[in-house]
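Here are a few short exercises to work through with the model open in your viewer. Try each task before you read its solution.

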Amino acid sequence: MGTARSQPLEMSNEFDDWTEEDFDNEIKRLQACIRELQARKVEREEEEDDDEDFMNDPDIREMVENGEHTCHMFDAHCQACEDDEDED
Ligand SMILES: [Zn+2]
C-alpha cells in the first residue's frame, strides 16, 4: 500500500454524500471566512502602521514632550510641526 503516502491531503469520506448544493454552501461559508480574515489582517496592518511604535521609545517621547522636532528622524510631520502650524 505504498500509494497512500503520495496523497498528503486525503479527503475525508464525509464528503461522499454531499450534493453539489452542499459543496456550494460550504464554499460560500469558507469564502466568507476568508473575507473576514482578510479584513482582520488589513486592520492589523493598519494598527502596526500607527505612530505608537516610536512613541514607546522614552527618548523620542521626551523630545516630543519638550516640544522638540522629531520629524527629521521620521520623515513626517511631528507634534512640534503641528504646534508651529497652530501658532500661525
Ligand atoms: Zn517637526
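**Exercise 1. Aspartate 75**

Task: Work out whether aspartate 75 counts as buried or exposed, and find out where it sits.

Solution: Start with the neighbour count: aspartate 75 has 6 C-beta neighbours inside 10 Å. The cut-off for exposed is 12 or fewer, so aspartate 75 counts as exposed. Next, place it: this is a predicted model, and in it aspartate 75 belongs to the loop between α4 and α5 (79-87). Finally, check the backbone: the phi of aspartate 75 is positive, near 55°, in a residue other than glycine. That's worth a second look, because most residues other than glycine have a negative phi.

**Exercise 2. Cysteine 71**

Task: Find the element that holds cysteine 71, then list what this cysteine touches beyond four places away in sequence.

Solution: Cysteine 71 is in helix α4, which spans residues 71-74. Count around it and you get 14 other C-beta atoms within 10 Å, so cysteine 71 is partly exposed. Leaving out residues up to four places away in sequence, its contacts are Ala76, His77, Cys78 and Cys81. Take one of these, cysteine 81: the C-alpha atoms of cysteine 71 and cysteine 81 are 7.8 Å apart, with the two positions 10 residues apart in sequence terms.

**Exercise 3. Helix α3 and what comes after**

Task: How many of the eight residues in helix α3 (residues 58-65) are buried? Then look at asparagine 66 and glycine 67.

Solution: The count for α3 is zero, so you can call this helix hardly covered, given that a buried residue needs 20 or more other C-beta atoms within 10 Å. Moving on, asparagine 66 lies in the loop between α3 and α4. It counts as exposed because it has 8 C-beta neighbours inside 10 Å. Asparagine 66 is 9.0 Å from alanine 80, C-alpha to C-alpha, at a sequence separation of 14 residues. Glycine 67, which follows α3, has a positive phi near 75°.

**Exercise 4. The whole chain**

Task: Which elements make up the protein chain, and which of them have the highest and lowest mean pLDDT?

Solution: Reading from the N terminus, the order is α-α-α-α-α: five helices and zero strands. Of the 88 residues, 2% are buried. For confidence, the chain averages a pLDDT of 82, with 76% of its residues at 70 or more. By element, helix α1 (residues 20-48) has the highest mean, 90, and helix α2 (residues 52-55) the lowest, 67. Where pLDDT is low, don't read the predicted coordinates in detail.

Note on methods. Residues numbered from 1 in each chain as written. Predicted model: local features only at pLDDT ≥ 70, side-chain atom pairs only at ≥ 80, totals over all residues. pLDDT = per-residue confidence, 0-100. Helix = DSSP H or I, 4+ residues; strand = E, 2+ residues; numbered from the N terminus. Contact = placed C-beta atoms within 7 Å.
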